[in-house]
Amino acid sequence: MSDLYERARELDAKDQLAGVRGDFVLDDEGVYLDGNSLGALPANVPGRVDDVVRRQWGELRIRSWTESGWWTAPERIGDVIAPLVGAASGQVVVGDSTSVNVFKALVGAVRLVGGPEAGRDEILVDAATFPTDGYIAASAARMTGCAVRAVEPGEVRGALSSRTAAVLLNHVDYRSGRLHDLPSLTAAIRAAGAVSVWDLCHSAGALPVGLDAHGVDLAVGCTYKFLNGGPGSPAYLYVRREHQAAFDSPLPGWNSHAEPFGMRSEYEAADGVVRGRVGTPDILSMLALEAALEVWSRPDVSVDAVRAKSLALTDFFLECVEAYVPGGRVEVVTPGAHGERGSQVALRCADAGDVMGRLIAAGVVGDFRAPDVLRFGFTPLYLSFADVERAARGLARELG
Ligand SMILES: *Cc1c(COP(=O)(O)O)cnc(C)c1O
């Protein structure tokens, strides 16, 4: 036991990201392993929100739409997220929830390929998807005259045909933590003439995505998990540049109009990713998110550094679990291979709900996913190897 404790101290001493933890509000007693559900509070956010509320809203009032940059915040903050997901500027717009953006992206995807009239009447959906994506996909299919087919990501290749309109996949499976092969799946979808829609909720901010490099068509993601934007912070939509002129949003609100203040009765979509906007943006949440994203401009922070530490943290957690937890007590669900692992570790045991309840009471916060999964998220920006060792020791105690 003390070996791993010592190892944790050595790993922390060499950790290039160790200094970033001070940019977050955390207590030293517990261990927070739920940043894949709600990221911790960045220390600069309260002051920013105070300024937005008291000065920008309280004093400048309506002038802030221009003077404080409120109106252009969705595109501006989209351009801050873009490099984190491997996109050049002008392709990401922030707003609405992930669920709403899944709807825009899927209906937009079917329209890009002409839908049933063009013989493309099938939407393939990740069989293990986070439920909201599946519900929205079913409704998008009904509206566009398509059928939905659930497929395991590993079986997408065999399911693709000239009838496939769109394929909606999760980059990292929220339950198992499995990382899917975005480059090769995207290439296969493209080769079949279909449109790829990737959900990046569990990958953005934790690992490189490479949207531009891998030819992804459309993508969505939330900002309150590894991007630490805060509860209910707005999501984002990526529309690849080559598709922007043809992207036909099913929610063409006035914010997506070429001339929003022309108040015209005829709709004309704006150029660029702005056409992914809908209505008046949620400014308080959005500007809290903008402050939260500033950590990514630190010279010591990069997606590659975060990914390297994420793999080191999850490797170390698995090693500690192996050493501390009696053999056979839990089954490791998350893949061992680095290329197949996101930034979380999922462990299965029959009494997972009770175990997680006790663990949280003891200060180690992960979460339980029905029916039998203990889920631990690892946010490299603010977790130490000592945290990981302590969490594994706590877990072993509750499982004992
Ligand atoms: C977290 C998550 C969501 C959440 O959607 P909301 O609309 O923000 O509630 C959707 N999809 C996936 C894959 C997620 O992990």
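This briefing walks through the sheets, helix packing, ligand surroundings and two backbone details of the structure above. Keep in mind that the model is predicted. Two open sheets are a good place to begin: one has seven strands with mixed pairing, and the other has four strands with antiparallel pairing. From there we can look at how helix H1 packs against helices H13 and H11, and then at the residues around the ligand.

**The seven-strand sheet**

- Reading across this open sheet, the strands come in the order E4-E10-E9-E8-E7-E5-E6.
- The edges belong to strand E4 (92-94) and strand E6 (147-151); each has a single partner strand, so one side of each has no neighbour in the sheet.
- From one strand to the next, the twist averages 20°.
- At the E6 end, strand E5 (residues 122-126) pairs with E6 in the parallel sense, over five bridges.
- To find this pairing in the 3D view, look for Leu124, which stands opposite Arg149 in E6.
- Helix H5 (residues 98-112) lies across five strands of the sheet: E5, E7 (164-170), E8 (195-199), E9 (218-221) and E10 (236-239).
- The direction of H5 runs at about 170° to E9.

**The four-strand sheet**

- Here the order is E11-E12-E15-E14, and the sheet is again an open one.
- Strand E11 (331-332) and strand E14 (367-369) are the edge strands, and each of them pairs on one side only.
- E11 and strand E12 (residues 344-348) run antiparallel and are joined by two bridges.
- Within this pair, Glu331 stands opposite Arg348 in E12.
- Helix H12 (residues 352-361) packs on this sheet, where it touches E14 and strand E15 (373-377).
- The direction of H12 makes about 40° with that of E15.

**Helix H1 and its packing partners**

- A handy tip for this topic: two packed helices are described by the angle between their axes and the distance between the axes.
- Helix H1 (residues 2-14) packs with helix H13 (residues 385-399) at an angle of about 155°, and their axes are 7 Å apart.
- Because angles over 145 degrees count as roughly antiparallel, H1 is roughly antiparallel to H13.
- On the H1 side, this contact uses Leu4, Tyr5, Ala8, Leu11 and Asp12, while H13 brings Phe385, Ala386, Glu389 and Arg393.
- What kinds of residue make up the contact of H1 with H13? Six are nonpolar, none are polar and three are charged.
- H1 also packs with helix H11 (residues 303-324), at an angle of about 170° and with the axes 11 Å apart.
- That angle makes H1 roughly antiparallel to H11.
- The residues in contact are Leu4, Tyr5, Arg7, Ala8 and Leu11 of H1, together with Phe316, Glu319, Cys320, Ala323 and Tyr324 of H11.
- In the contact of H1 with H11, eight residues are nonpolar, none are polar and two are charged.

**Around the ligand**

- Which residues are around the ligand? They are Ser97, Thr98, Ser99, Phe130, Thr132, Asp133, Asn170, Asp199, Cys201, His202, Tyr224 and Lys225.
- Ser99 has a polar side-chain atom 2.6 Å from an oxygen atom of the ligand.
- In the side chain of Tyr224, an N or O atom is 2.6 Å from a ligand oxygen atom.
- For Asp199, a polar side-chain atom lies 3.1 Å from a nitrogen atom of the ligand.

**Two backbone details**

- As background, most residues other than glycine have a negative phi, and most peptide bonds are trans.
- Asp96 has a positive phi, near 60°, although this residue is not glycine.
- You can find Asp96 in the loop between E4 and H5.
- Ala370 and Pro371 are joined by a cis peptide bond, with omega about 0°.
- Pro371 has its place in the loop between E14 and E15.

Conventions: Residues numbered from 1 in each chain as written. Predicted model: local features only at pLDDT ≥ 70, side-chain atom pairs only at ≥ 80, totals over all residues. Heavy atoms only, no water. Axes fitted to C-alpha atoms, helices over the stretch in contact; angles between N-to-C directions. Parallel < 35°, antiparallel > 145°, perpendicular 65-115°, else oblique. Contact = heavy atoms within 4.5 Å. Nonpolar A, V, L, I, M, F, W, Y, C, P; charged D, E, K, R; others polar. Pairing = 2+ DSSP bridges. Near = heavy atom within 4 Å. Polar contact = N/O pair within 3.5 Å; in protein donor to acceptor, adjacent residues only side chain to side chain.
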